[in-house]
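Got your viewer open and a free hand on the mouse? Let's take a walk through this one, stop by stop.

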Amino acid sequence: MVRALMKIVVIDLQPERARMISAALGDAGFPDVVALAETDNLLDRLAQIDPDAVLIDLEAPSRDMLEQMFELSRRIKRPVAMFVDESDSASIAAAVEAGVGAYVVNGLHRERIKPVLDLAISRFNAFSRLNTELETTRAALAERKLVDRAKGILMKMKGIDEEEAYKILRRTAMNQNRKIGDIARSVVTAAEILN
Amino acid sequence: MSTQVRIGFIPLVDCAPLVALHEIGFAREEGLEIALSRETSWSNVRDKLAVRLYDAAHLLAPMALATNLCLAGPRAEVVAPYVLNLNGDVICASARLLERMAADGFEGPEAMLEAIRRDALDRPVVIGVPFFFSTHHYLVRYWLASAGIDPDRQVRVEVIPPSLMADAVRSGVVDGFCVGEPWGSVAVDAGLASIVLPGRAVWAAAPEKVLGLRRDWVEERRDDLHRLLRALYRASMWVADPGNRTILSELLASDRYVDAPAEVIERALSGSLTLTPRGAQARVDRFMVFHAASATFPWRSQALWFHGQMARWGHLAASPGSTAIACRTFAPDLYREALAAVATDLPGANSKLEGALEAPTPAASLRGRLFLGPDRFCDGAVFDPDEVA
């Protein structure tokens, strides 16, 4: 039997992640993927595309609108519902925890939707790990720049070398039980005001 | 060590009891630590409760029913042992729609109804509600039907998240809407819409949000449930005290909670509304009720009323089974169990006539000190739960 292609819509506020998921779905044998950002006529677009499955970022406020559409669809020929397989509540929990929701046309077999959902979950998790790491790196870099600026200010004002300037910042942070970045910010702010 | 209770909520004035529970320390007094999470959609709140990411949730009363009746979302059994508030919604019309009607001498609610009857925009008027299974949706349908309008044919209902309602008016997606405060007042202040009717004019005692919990959590953690409800009862009293309005509105205004100006939030708390962009004022008695008489008691008759409305509009195929599920969803037994020693009084019954009272009326109760508040419907109908149960 020839397996008909499953048409999948991905609704995601983050275009980067949407591309990542589309590509991964393509590799996994689901080439028919349309990524949609949120728009006012989302429901019209969906009606046009007529997908078999919809993956949605749970941070998207339009999720409640989709729920309405699916509620109304109960009365038409292709009712769509949230992916709910009672034998597999663990994967629903994993999806919600990862931040992705899946809606599928009634009658679609779980063997067909399960790989799609698993893939979406793993990509959502990977993306949030990536973002956390990126955020941590960004914060560390920003702090280092701030400390460098504060050191420069202290060196000029007090006529000391870099090592001495760093020691002052570190000692103050320890004495006040604050982060060295906070002390550096105070030095920079004070210098800006006093200049 | 205190026990943690994770609660999801939507930014609305009526999340106030949950915020007070945490911020004013009522939970701590009972040895509970509350972790509040702000959500972007009602579906998220429902799903995270169902899959155990939350222990409890700020839920629209009909959502609890829809979940148990397997109408939407993951399978889970939810119980509502506590009503967070009665009323607090506003029905608004866009400035555009009202302008069109003003030329013909109509204003206020009649202008909105007449615009719908006449297809004043040469197409069905579009009305926004925050969720399909919402108090708002059923109040709007009730109101329209009582004015002889068929809500399935003569208007189009669109779901719009509460905080995006003003934007939806601005971009012309909706011509009118019913939403929980402060989002109606925010649209008024932006000059986009006017409040034509407070929700309480449709039903004077509509249970708006409930505290929803999973049945298994309630069974396994009965003692925590009792502590949570006791703390919540005190939080509701604090929220309802007019002396606390200033502090409460400042707390809610924070971007962790409602993220709207404190002054706008205070309008809903006091019932002193600004109706139009030009500043017309109105004082609405019992606009949003957090704690009066039996306001927080989960009457089975309230659940049955919603069940009846869902069936009326074809959102549910009613059966003796669905009626039983609706009855089980609201849990007055748990309320009694937890609050017997704390509540000033408890009603003698679990169900009552809905819509029969014009004024506060004494009711049968444990200590004989209970008054029921006015609960009239806009069409004067009386709902008798015994006729369906």
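A word on labels before the first click: helices (H or I, at least four residues) and strands (E, at least two) are DSSP runs, numbered from the N terminus. Residues count from 1 along each chain as its sequence is written, while chains are lettered from A and ligands numbered from 1 in the order in which they are written. Keep in mind that this is a predicted model: local features need pLDDT of at least 70, side-chain atom pairs count only at pLDDT 80 or more, and totals for chains, interfaces and linings use all residues.

**Stop 1: helix H14 of chain B**

Select residues 300–312 of chain B, which make up H14(B). Why does the length look right? Its 13 residues, at 1.5 Å a residue, should span 18 Å, and the end C-alpha atoms are 18 Å apart, which agrees. (The expected span is 1.5 Å times one less than the number of residues.)

Now colour by burial. A residue is buried if 20 or more other C-beta atoms lie within 10 Å of its own, exposed if 12 or fewer, and partly exposed in between, with C-beta atoms placed from the backbone. By that count, 11 of the 13 residues in H14(B) are buried, among them B:Trp305, B:Phe306 and B:His307. Show what they pack against: helix H4 (61–68), helix H7 (135–146), strand S10 (207–214), helix H15 (320–329) and helix H16 (332–339) of chain B. Contact here has two residues' C-beta atoms, placed from the backbone, within 7 Å. Just past the end of H14(B), click B:Gly314, where phi is positive at about 75°.

**Stop 2: the sheet that holds S10**

Next, pick out the open sheet of 6 strands in chain B, ordered S2-S1-S3-S10-S4-S13 with mixed pairing. Two strands pair if DSSP finds at least two bridges between them. Strand S2 (32–38) and strand S13 (288–289) of chain B stand at the edges with a single partner strand each, so one side of each has no neighbour in the sheet.

Zoom in on strand S4 (residues 78–87) of chain B, which pairs with S13(B) in the antiparallel sense over 2 bridges. B:Leu86 has B:Val289 as its bridge partner, and B:Asn87 has B:Met288. S4(B) also runs antiparallel to S10(B), joined by 6 bridges; look for B:Tyr82 opposite B:Leu211. How many of the 10 residues in S4(B) are buried? The count is 10 of 10.

Add helix H3 (residues 42–50) of chain B, which lies across strand S1 (3–9), strand S3 (56–60), S4 and S10 of chain B and runs at about 140° to S3(B). For such angles, axes are lines fitted to C-alpha atoms, for helices over the stretch in contact, and angles run from 0 to 180 degrees between N-to-C directions.

**Stop 3: the five-stranded sheet**

Chain B has another open sheet to select, with 5 strands in the order S7-S6-S8-S5-S9 and mixed pairing. Its edge strands are S7 (155–159) and S9 (193–198) of chain B, each pairing on one side only. From one strand to the next, the twist averages 25°.

Show side chains on S7(B) to see them alternate: B:Val155, B:Val157 and B:Val159 point to one face and are buried, while B:Arg156 and B:Glu158 point to the other and are not. S7(B) runs parallel to S6(B), with 5 bridges between them; B:Val125 and B:Val155 are bridge partners. At the other edge, 5 bridges join strand S5 (residues 89–94) to S9(B) in antiparallel fashion, with B:Ala93 partnered by B:Ser194.

**Stop 4: helix H5 of chain B**

Select residues 95–102 of chain B and highlight the buried B:Leu97, B:Leu98 and B:Met101. They cover an arc of only 95° around the axis, which puts them on the same side of H5(B). (The arc is that of the directions from the helix axis to the C-beta atoms.) Spin round to the other side for B:Glu99 and B:Ala102, both exposed. The cover over the buried residues includes S5, H6, S6, S8 and S9 of chain B.

**Last stop: where the chains meet**

Finally, show both chains: the contact takes 18 residues from chain A and 21 residues from chain B. On chain A, H3(A) gives the most, with 6 residues.
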